[in-house]
Amino acid sequence: MDAFSPDAPDPDAPGPPAWVELADGQSVTAQVIGRLDRRGAGGGWWYEVRLPVWTEVELPNRITVEPDAIVMRVPARLISAIEGTDYSSVPTRRKHRPARPPRSSPAAPAGRWSVQHLPAPAGGPGRRVIHHESCWIPAGDADLTLDQALRELTRPGSEPCTACDARHLPAS
């Protein structure tokens with residue numbers, strides 16, 4: 001997919017905010033405008049995001065700045081969801097889609113699972129979010145079995161991701 005393909009996200013369409021880690025380690029908010037599944041090609045999940053920036057504008061009697069945006073793609077490991085934000089409307093495209101094993105139950109999707117460790121707020125406990133291997137948010141390899149993911153959900157501070165198939169896991 002490139003910016004000119006028919007299924008490319010509209011770079012001007014509104015999208016939900018998410019944290020994006022930049023090359024220098026800064027985390028900034030950007031709008032998520034699309035996601036691309038490249039796992040079959042070995043690339044994992046990628047996101048197309050719009051990052052607000054300033055641009056120079058030369059007027060007849062002065063130079064000023066006005067808001068603009070940069071649209072870029074980043075791997076999912078550099079994106080962090082913002083709690084309480086709904087990402088279900090983000091357009092998703094799949095390339096080289098791998099065959100999925102049949103689901104054993106709608107409440108417990110087949111596949112592998114991962115744990116995303118979130119930093120603790122000042123004075124508070126850390127959090128862990130359980131993700132299905134198909135999720136676009138995970139921060140690590142999906143190396144847990146379903147039983148291990150269910151055990152992880154019983155630990156204090158653990159919760160299922162609301163943006164992927166983990167939302168179907170039984171709550172403890």
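Before I describe how E1 and E5 sit together, I should say that two strands are taken to pair if DSSP finds at least two bridges between them. With that in hand, E1 and E5 do pair, since three bridges join E1 to E5 and the two strands run antiparallel. Within that pairing, Ala-18 stands opposite Ala-81 in E5. Please keep in mind throughout that what we are looking at is a predicted model.

Let me step back to the whole chain for a moment. The protein chain has one helix and nine strands, and, read along the sequence, these follow the pattern β-β-β-β-β-β-β-β-α-β. Of the 172 residues in the chain, 34% count as buried. If we take the contacts between residues at least 6 apart in sequence, 54% of them join residues at least 24 apart.

Now back to E1, which covers residues 17-21. This strand has a covered face, made of Ala-18 and Val-20, and an uncovered one, made of Pro-17, Trp-19 and Glu-21. Ala-18, on the covered face, is the residue that stands opposite Ala-81 in E5, whereas Glu-21, on the uncovered face, has Ser-27 in E2 as its bridge partner. E1 and E2 pair in the antiparallel sense over five bridges, and they form a hairpin with five residues between them, where Gly-25 in the turn has a positive phi of about 95°.

The next hairpin to look at is the one that E3 and E4 form, with four residues between the strands. Here 13 bridges join E3 to E4, and the two run antiparallel. One position in this ladder is worth pointing to on the screen, namely Glu-48, which stands opposite Arg-73 in E4. Those two residues are 25 apart in sequence, while their C-alpha atoms are 4.4 Å apart in space. Is Arg-73 buried, partly exposed or exposed? Buried means under 20% relative accessible area and exposed means over 50%, so Arg-73, at 28% relative accessibility, counts as partly exposed.

Next to Glu-48 in the sequence is Tyr-47, and that brings me to the interior. The largest nonpolar core has 29 residues, and those with the most contacts inside it are Tyr-47 and Ile-79. The elements that give two or more residues to this core are strands E1, E2, E3, E7 and E8, together with helix H1, residues 146-153. E3 gives the most to this core, with four residues. If we leave out residues up to four places away in sequence, Tyr-47 touches a list that includes Val-32, Met-72, Arg-73, Ile-79 and Trp-136.

Val-32 also turns up in the surroundings of Val-90, a residue in the loop between E5 and strand E6. Because its relative accessibility is 4%, Val-90 counts as buried. Leaving aside its neighbours within four places in sequence, Val-90 is in contact with Pro-16, Val-32, Ile-33, Gly-34 and Arg-35. Val-90 and Val-32 are 58 residues apart along the chain, and their C-alpha atoms are separated by 7.0 Å.

I turn now to E8. Five of the six residues of E8 are buried, so this strand is largely enclosed by the rest of the structure. Which strands lie alongside E8, and in which sense do they run? Six bridges join E7 to E8, which run antiparallel, whereas three bridges join E8 to E9, which run parallel. In the first of these pairings, Leu-118 has Arg-127 in E8 as its bridge partner, and in the other, Val-129 stands opposite Glu-159 in E9.

That pair, Leu-118 and Arg-127, leads to my last topic, the largest pocket. Rolling a probe the size of a water molecule over the atoms shows where empty space is left. About 450 Å³ of space lies in the largest pocket. It is lined by 21 residues, of which Ala-81, Ile-82, Glu-83, Leu-118 and Arg-127 lie nearest its centre. Strands E5, E7, E8 and E9 each supply at least two residues of this lining. As for the character of the lining, its residues divide into eleven nonpolar, seven polar and three charged.

To close where I began, Ala-81 in E5 is the residue opposite Ala-18, and Ala-81 is also among the residues that lie nearest the centre of the largest pocket.

Definitions and conventions:
Residues are numbered from 1 along each chain as its sequence is written. This is a predicted model: local features need pLDDT of at least 70, side-chain atom pairs count only at pLDDT 80 or more; totals for chains, interfaces and linings use all residues. Side-chain values use heavy atoms; hydrogens and water are left out. On a 1 Å grid over the protein atoms alone, a cavity is a set of points where a 1.4 Å probe fits but cannot get out, and a pocket is an open set with protein on both sides within 12 Å along at least five of seven lines; lining residues have an atom within 4 Å of a point. Grid points are joined across faces, edges and corners, and a volume is the space filled by probe spheres set on the points. Ala, Val, Leu, Ile, Met, Phe, Trp, Tyr, Cys and Pro count as nonpolar, Asp, Glu, Lys and Arg as charged, and the others, Gly among them, as polar. Buried means under 20% relative accessible area, exposed over 50%, partly exposed in between (1.4 Å probe, protein chains only). A nonpolar core is a set of buried Ala, Val, Leu, Ile, Met, Phe, Trp, Tyr and Cys residues joined through side-chain atoms within 4.5 Å. Contact means heavy atoms within 4.5 Å.
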